[in-house]
Amino acid sequence: MNLEARRKEANACWDKLSRGDRPLVFVGSATCGLAAGVSDLQGFLNSELERLKLDVDVIPTGCIGMCFAEPLVDVKLPDQPRVCYAKVDRKTLTRILEQHVAGGKPLADLALGTLGDEEIAGIPKLFDLAVLKPQVRIALRNCGIINPADFNHYLARDGYLGLQRALSMNPDEVI
């Protein structure tokens, strides 16, 4: 299979995940999240999902660049924007799962921001926050957005486009 066919397959997987009918919970699982206690929170998350009988996909992500706000947990419900919650502990995680995931109501008082172009009343866009707004993300544009261990996620979000372009060029053009 060539790279373009593989990219189409990855796009289909990403679209099914991000636009599907299943709730998604993204958990910041990079070094900063680990230092902030996300390993304990992950175990608690699994037990709470079981207790609440919630059928969701849990996706580990890399660092989005706000280590001070870890542990980060994002919720993406079908037909709603992805909402990022900061400094999540067991108590706030339970509230997020009960009210946002199970109840469909994002928690503006706990939310840090939304990811993407969609907005929710009372919750700013994450990348409009002062810490992120001046940043121009090129190489790190997928950090905190995708599961870094999932090749489909990376490929669907334009991973390897530079390599693909370079392979179509002669050596002088690459230089």
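**Exercise 1. Which residue of β5 is the bridge partner of Tyr 85, and how is β4 placed between its neighbours?**

Solution. Start in β5, where the bridge partner of Tyr 85 is Ala 111; strands here are DSSP runs of E with at least two residues, and helices are runs of H or I with at least four, numbered from the N terminus. The model is a predicted one, in which local features need pLDDT of at least 70, side-chain atom pairs count only at pLDDT 80 or more, and totals for chains, interfaces and linings use all residues. Residues are numbered from 1 along each chain as its sequence is written, and side-chain values use heavy atoms, with hydrogens and water left out.

Next, β4 and β5 pair in the antiparallel sense over four bridges, where pairing requires that DSSP finds at least two bridges between two strands. Then turn to β3 (residues 73-76), which pairs with β4 in the antiparallel sense over three bridges; Tyr 85 in β4 is the bridge partner of Val 73. Finally, five residues lie between β3 and β4 in their hairpin, and Asp 79 in the turn has a positive phi of about 60°.

**Exercise 2. Which way do the residues of strand β4 (residues 82-85) point, and are they buried or exposed?**

Solution. Arg 82 and Cys 84 point one way, whereas Val 83 and Tyr 85 point the other way. In a regular strand, side chains alternate between the two faces of the sheet. All four named residues, Arg 82, Val 83, Cys 84 and Tyr 85, are buried, meaning under 20% relative accessible area, with exposed over 50% and partly exposed in between (1.4 Å probe, protein chains only).
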